[in-house]
Amino acid sequence: MAGLASTSGLLSDAFATTPAPSADSRRSNPGFRLVDVTVPSGIHFRHNSGAYGGKLLPETLGAGCAFFDYDGDGWQDILLVNGVDWPGHKRDHRPEPSTLKLYRNNRNGTFSDVTRGAGLDLEMYGMGVAVGDYDNDGWADILITCVGQNRLFRNTGKGTFVDVTKSSGLSGRQAMSTSALWFDFDRDGLLDLFVCNYVKWSPEHDVFCSLDGKHKSYCTPEAYRGETCWLFRNRGNGTFEDVTATSGIFDSSSKSLGVAMLDYDHDGWPDLLVTNDTQPNKLYRNQRNGAFKDVAVEAGIAFSAEGRARAGMGVDVADFDNSGNPGIAITNFDNEMTGLYRLSDGGNYVDVAMPSGVGLASKDKLGFGCVFLDADLDGALDLAVVNGHIDDTVRNVSGVGYAQPPQLFLNSGNGTFVDVAAEIGGGFSQPKVGRGIAYGDFDRDGDLDLLITSNNGPAYLYRNDQTAGNRSIRIRLVGTKSNRDAIGAAVKIYSAGSSQSRLVKGGSSYLSQSELPVTFGLGKRDKVDRLVVVWPSGRTEEYKNLAGGRAYECVEGKGITAQAGF
Amino acid sequence: MYSRGVPRSSAFSSPAPHRSPTPKLFLGLIITLAAVVVYSGYITRQLSGLRELQNNLVDRNRKDSLQLLRIQNDLNSLALAMRDMLDNDEPYPLTAWSAQFQRVRTDLDDALRREQQVAPVNRTPEQERYLETSVGQFWDAADRTFVLAQGAKQAEARIQIQISLRARQEALSTAVSRLLVQNNESEEQAALRIGQIYDRVQRQVYLFLTATLIAILFTSLYLIRSNRRLFAQLAALSAQRSELAQKLIATQESTLRHISRELHDEFGQILTAVGMMLTRAGNQAPEKSELRAEVREVCEITQSALDKVRSLSQALHPVMLEETGLESTLDWYLPVVERQAGIHVSYEKSGESFPVDGNAAIHVYRVVQEALNNLTRHSGAKEAWVRLRFMPRALEVEVEDHGRGFDAPAAKQGIGLVAMRERAELMGGTVDFVRPAPGEGGKGTLVRLTVPREKLESHGG
């Protein structure tokens, strides 16, 4: 207990200086509301898992989503990943083929389905999505992870995408890929690609598993052999080199579902955290020479506090205690609790899920996507988690629901979190078979909206409406020497004696990607005293006295420009 | 008198010499304490043995088994990795697995190091050496395999894995399994021994409790017996003391009665005869002669001596008690006291009188006499109240004064007070010394003698 108490104390010390509101007051007045704008905004998407009764493993795992600005107009668009019917099991009730869906932001709160026009009306068994401008042409490119062959789509800048899988050198790799992210691991200014693979699976080798001993159910990964993750180095000529083996990433025992980038050791070189299902998580420390070394065990992130490998699903990394260090959230299976890790003074991670209140609240949940975001713009990062079981017959066996309510843990600022999902409206807490979650300010009002996907179900778009009058500042970074998306840039603001930090990053969550601009909640403050940007190239820039309530575009080496509003 | 249940004979025989129970009780206490110390020592020894078993065997075994399981898990990971390497379905050279092997090696080395620290005491040096050398040989072979793989000799490396690495891994796995089985067996044996210790301790606890109960039982019986003896002794001594007091009082009364009678009968007769003879002799002397006057004077002296002898006789033992009873004696005696002591005595009688046996009457009389003696000597009072109450079941006599009173503690009571108590007890009654009622000023002394009626009517003393 003493250990827990001291941990809480450390957290509270690191948090904002304002007195922490009580849990009840947070619940009664969360400071914001969510409004379900899925249908009015024109999002009509239903995920097709292809489930026909065969209970094939991939059916229960997809799919992801992304907020990204594909047309460069400054408004966040939406990409939703879809599966397909299994060969030989085509279901004819669908009015149209189940393809990826690209929704263009109409800048008025609505979206238009531009999938066909963009050339993305393609059927594939898609799982996840990673967005990054890998060719530094200013246009966001897309990687779709699939069961089978992953697909890379290059953005032409004319509203269309071209499938460059083959020409990029990514073809010929069959796997059950899950999450992926773009990052510049060798800091050459080019985004490299990391892809998680789950297990060695094919329909022909699907294993019969059963919860009740009679009927087939979805297997847990113990039934299958692991599959290594992949690391592809960007050669800068539109092609990629598979450096999985030479970089030390290769690990045939991994059963990876989530990946997040972080700079765990503050050396300016991006490290990777990979969550594995029933296998130890991996923390790949960048050796600064093109190689990685797994230090998860030493760092205390590989296993649970009991020394057991949990079923790691989604992951996100952020400075949730405003200590300047990256904290970690990892969703797990039901009865395993979400892991909430804080970097201790000793340099290793300590799971503070229990003292923070996240542990117990997530005990009966099977978590997937998770994102840190400042939902109420109070200056402390909150945690949104989507939950949902993998088997629809689970309730008959264990009493745990198949559809489960998403959770939104408001950061109390004193080391504890309070789930306010039921209080923020919009039907957000209605049970869902949640999988992916991403945030982005699609309506450019300065707060972060949420996009959720559900397995074999609809996607949900929740608009965030602030009710407490908190302000924010948003920064969009454009790299010049660094990769153009500035992925890997560390942004830190100082305001009224407190500081917050963000990392521009892709990946995180589960199969999904949030927007790249960073958002800082300022509470009632209306300006930022100091903004410090450390670019992936190593360049550091500092700006002073920035007004809140608006967005800024910061171009590496060229200064910062205030936008009109957000 | 003998209503306490003490046999009369015992009052006369001296009590049997009986030793104090303290030495035996002290001995019993020492034996009990020694038994507790011995038993505590025994329990402590058993507990330390249990702890030793828990710490050195069971806990150590469990910790060791956990490390062995970790080693086994690492060996399984290596086996899976080798299977993947041999399956050849990855597009990567065999060297890709070197990082994976290295990770397992790091963990395996750590597990082996920890396992050696907590290895059970019954692990033989041969077993230790076998594990150590086998792991070393495995990694040597693995290193050679990766050297081959690096040298583009993938096929040879795969053969090495097939024929050498896998065999070594399987042998290691078997050895670790054996150690795990050995640990399990040791743990089962330890559990058995622990069970035996618990059984033994349980038996000893029952035994100790039984012995303690028996000791308590015997000690209690012994104490009861000793107490009974002590009380019997006390009762005998008390009876002896009462008997002695009774005899003393009886002897005193008998002596006084005898002297009184002698004085009355012998000296009285002699003096009466002398008086009569002197009177006759005087009558023979001439009238108004000097001789006649002198004889008359001698005659008057003789009469005075006779009166004094009679008065002394009456004082020593009022014959009236036997002749006319207690009431009349008191009627006579109290004015005598008034006259002799110069105090005023208010005498009250109440109730329907009943006859009082002569032996009892002398005791009542003596108590009143002693009370009035004390009053005149010590109280300084000039007035006294004597009350004689005939109650249906008892006789009550009170002597009260409002003088100085006395607070003498029992231990310093004079012989007179002791005698009053003894006489009261002889009659089966009580005597109380109290202060008069507050309405009477609260000063002085009230002596109250209460004697049951049946004792007065049939007093055999």
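1. A good place to start is the second largest cavity, lined by Asn281(A), Ile301(A), Ala302(A), Phe303(A), Ser304(A), Arg308(A), Arg310(A), Gly312(A), Ile330(A), Asn332(A) and Tyr341(A). A cavity here is a set of points on a 1 Å grid over the protein atoms alone where a 1.4 Å probe fits but cannot get out, and lining residues have an atom within 4 Å of a point. This cavity holds about 50 Å³, volume being the space filled by probe spheres set on the points, which are joined across faces, edges and corners.

2. Please keep in mind that this is a predicted model, in which local features need pLDDT of at least 70 and side-chain atom pairs count only at pLDDT 80 or more, while totals for chains, interfaces and linings use all residues. Residues are numbered from 1 along each chain as its sequence is written, chains are lettered from A and ligands numbered from 1 in the order in which they are written, and side-chain values use heavy atoms, with hydrogens and water left out.

3. There are two cavities of 30 Å³ or more, and the largest contains about 60 Å³. Its lining includes Leu143(A), Arg151(A), Arg173(A), Trp230(A) and Phe232(A). Strands S7 (141–149), S8 (151–155), S11 (192–197) and S12 (230–234) of chain A each give two or more residues to this lining; strands (E, at least two residues) and helices (H or I, at least four) are DSSP runs, numbered from the N terminus.

4. Now to the largest nonpolar core, which has 87 residues. Such a core is a set of buried Ala, Val, Leu, Ile, Met, Phe, Trp, Tyr and Cys residues joined through side-chain atoms within 4.5 Å, with buried meaning under 20% relative accessible area (1.4 Å probe, protein chains only). Trp182(A), Phe183(A), Phe194(A), Leu477(A) and Phe101(B) have the most contacts inside it. H4(B) gives the most to this core, with nine residues.

5. Helix H3 (98–117) of chain B is worth a look too. Phe101(B), Val104(B) and Leu108(B) are among its buried residues. The buried residues of H3(B) pack against strands S16 (282–286) and S17 (292–294) of chain A, together with helices H2 (22–87), H4 (125–150) and H5 (154–284) of chain B.

6. Finally, the buried residues of helix H6(B) include Arg292(B), Val295(B), Cys299(B) and Leu306(B). Among the elements covering the buried residues of H6(B) are H5, H7 (319–324), H8 (326–341) and H9 (358–379) of chain B.

Conventions:
On a 1 Å grid over the protein atoms alone, a cavity is a set of points where a 1.4 Å probe fits but cannot get out, and a pocket is an open set with protein on both sides within 12 Å along at least five of seven lines; lining residues have an atom within 4 Å of a point. Buried means under 20% relative accessible area, exposed over 50%, partly exposed in between (1.4 Å probe, protein chains only). Contact means heavy atoms within 4.5 Å.
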